Amino acid sequence: MRLALVGDRSATVRSHVRVPLLLEALREREGLTLDAYWIPTEQVDDLRGFDGVWLLPGSPYRSEDGALRAVRTAREHAIPFLGTCGGFQHAMLEYARHVCDLDVAHAENEPDAERDLLLAPLTCSLVGHEGEVRLAPGSLVGQAVGTERAIERYHCSFGLNAAYLPALEEGGLRFTAHDEDGQVRAAELPGHPFFLATLFQPELSGDGTRPHPIIAAFARAVAAGVLTAGRP
């Protein structure tokens with residue numbers, strides 16, 4: 001099972017350091033062996049040969065276009081997709097531009113943008129923050145976690161501009177996790193085998209020896225896609 005880990009790998013990004021531990025935990029605890037390939041954003045080309053795509057934190061990415069290309073390929077070709085933190089932000093940006101036809105920008109990538117911002121600085125930074133999220137019953141994220149509430153970790157300073165939520169929902173996205181103030185913390189795409197983006201970072205849960213239920217669910221979706229395709 002070939003997994004594309006899209007992001008500009010750095011030893012200073014905690015999520016990147018965690019990934020090898022999580023891959024080993026998936027093998028030991030879930031019996032799932034993922035053959036992972038790190039792909040820098042400026043080297044993203046054709047990811048259709050991968051069985052799963054994980055757009056990792058670590059923004060601003062060296063290539064916004066590369067990050068968006070990774071999301072679009074997974075979305076259009078029914079490849080299981082997980083986007084966390086910066087991955088969430090760019091999944092929303094890709095959907096807004098290419099599905100909803102919105103001319104919008106990410107403030108982190110274009111701080112002086114003249115066009116409207118889809119991703120704007122949060123009133124209160126979530127860097128190093130931990131908080132409760134409410135998960136929609138019956139949603140992909142809710143089913144993965146198995147509860148209606150969870151405590152999750154963050155390391156971000158940008159979030160969705162609420163003014164664009166109606167347009168994104170009309171375009172087909174479903175927002176399925178919110179914080180105590182009702183702010184969006186996760187989105188998914190109904191009808192896709194597995195398309196989930198979270199502003200929080202499930203990869204930072206615990207000490208890395210037990211994969212977060214979201215990551216385990218993503219890995220199982222990757223495996224299911226391989227079996228469906230008839231590959232061993």
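1. Arg75 and Glu94 are both buried. In this predicted model, the two side chains form a salt bridge whose closest N and O atoms are 2.8 Å apart. Arg75 belongs to helix α2 and Glu94 to helix α3, so the contact ties together parts that are 19 residues apart in sequence. Elsewhere, Glu64, Arg97, Asp103, Glu110 and Arg115 are joined into one network by salt bridges that share partners. The structure holds 16 salt bridges.

2. A further salt bridge sits within helix α2. Arg72 and Glu76 meet there at 2.9 Å, N to O. The two are 4 residues apart in helix α2, which means a separation of about one helical turn. Arg72 counts as partly exposed at 32% relative accessibility, and Glu76 as partly exposed at 45%. Arg75 and Glu94, by contrast, are buried.

3. Which parts does the salt bridge between Arg220 and Glu30 tie together? Arg220 lies in helix α6 and Glu30 in helix α1 (residues 14–30), so the pair links parts that are 190 residues apart in sequence. The closest N and O atoms of this pair are 3.2 Å apart. Both ends have intermediate accessibility: Arg220 is partly exposed at 40%, and Glu30 is partly exposed at 33%.

4. Next, the sheet. It is open and consists of 9 strands in the order β2-β1-β3-β4-β12-β11-β10-β7-β8, with mixed pairing. Strands β2 (35–39) and β8 are the edges, each pairing on one side only. From one strand to the next, the twist averages 20°. Strand β1 (residues 2–6) runs parallel to strand β3 (residues 52–55), and the two pair over 4 bridges. Within that pairing, Val53 of β3 is the bridge partner of Ala4.

5. Helices α2 and α3 can be placed relative to the sheet. Helix α2 (residues 64–76) lies across β1, β3, β4 (81–84) and β12, and runs at about 145° to β3. Helix α3 (residues 86–98) packs on the sheet and touches β3, β4, β10 (174–179), β11 and β12. The direction of helix α3 makes about 115° with that of β4. Strands β3, β4 and β12 therefore appear in the contacts of both helices, and the salt bridge of Arg75 with Glu94 connects the two helices themselves.

6. The structure holds 5 aromatic pairs. One of them is Tyr154 with Phe200: the ring centres are 6.3 Å apart and the planes stand at 85°, so the pair is edge-to-face. The cut-off for that label is an angle over 60 degrees. Tyr154 is in the loop between β8 (149–153) and β9 (158–160), while Phe200 is in the loop between β12 (195–198) and α6 (213–228), so the contact ties together parts that are 46 residues apart in sequence. Both rings belong to buried residues: the relative accessible area is 4% for Tyr154 and 1% for Phe200.

7. How are the rings of Phe194 and Phe218 arranged? Their centres are 5.7 Å apart and their planes are at 50°, so the pair is tilted. Phe194 is in the loop between β11 (184–188) and β12, and Phe218 is in helix α6, so the pair ties together parts that are 24 residues apart in sequence. Phe194 is buried, with a relative accessible area of 3%, and Phe218 is buried as well, at 1%. Together with Trp54, these two residues form one aromatic cluster. Helix α6 also carries Arg220, the partner of Glu30 in the salt bridge to helix α1.

8. Last, the placement of Arg2 relative to two aromatic rings. Over the ring of Tyr37 sits the charged end of Arg2, 4.8 Å from the ring centre. Arg2 also lies over the face of Phe50, at 4.3 Å from the centre of that ring.

Notes
Residues numbered from 1 in each chain as written. Predicted model: local features only at pLDDT ≥ 70, side-chain atom pairs only at ≥ 80, totals over all residues. Heavy atoms only, no water. Phe/Tyr/Trp six-rings, centres within 6.5 Å; stacked < 30°, edge-to-face > 60°. Buried < 20%, exposed > 50% of the residue type's maximum accessible area, 1.4 Å probe, protein only. Lys NZ or Arg CZ within 6 Å of the ring centre and 35° of its normal. Pairing = 2+ DSSP bridges. Axes fitted to C-alpha atoms, helices over the stretch in contact; angles between N-to-C directions. Contact = heavy atoms within 4.5 Å. Salt bridge = Lys/Arg side-chain N within 4 Å of Asp/Glu carboxyl O.
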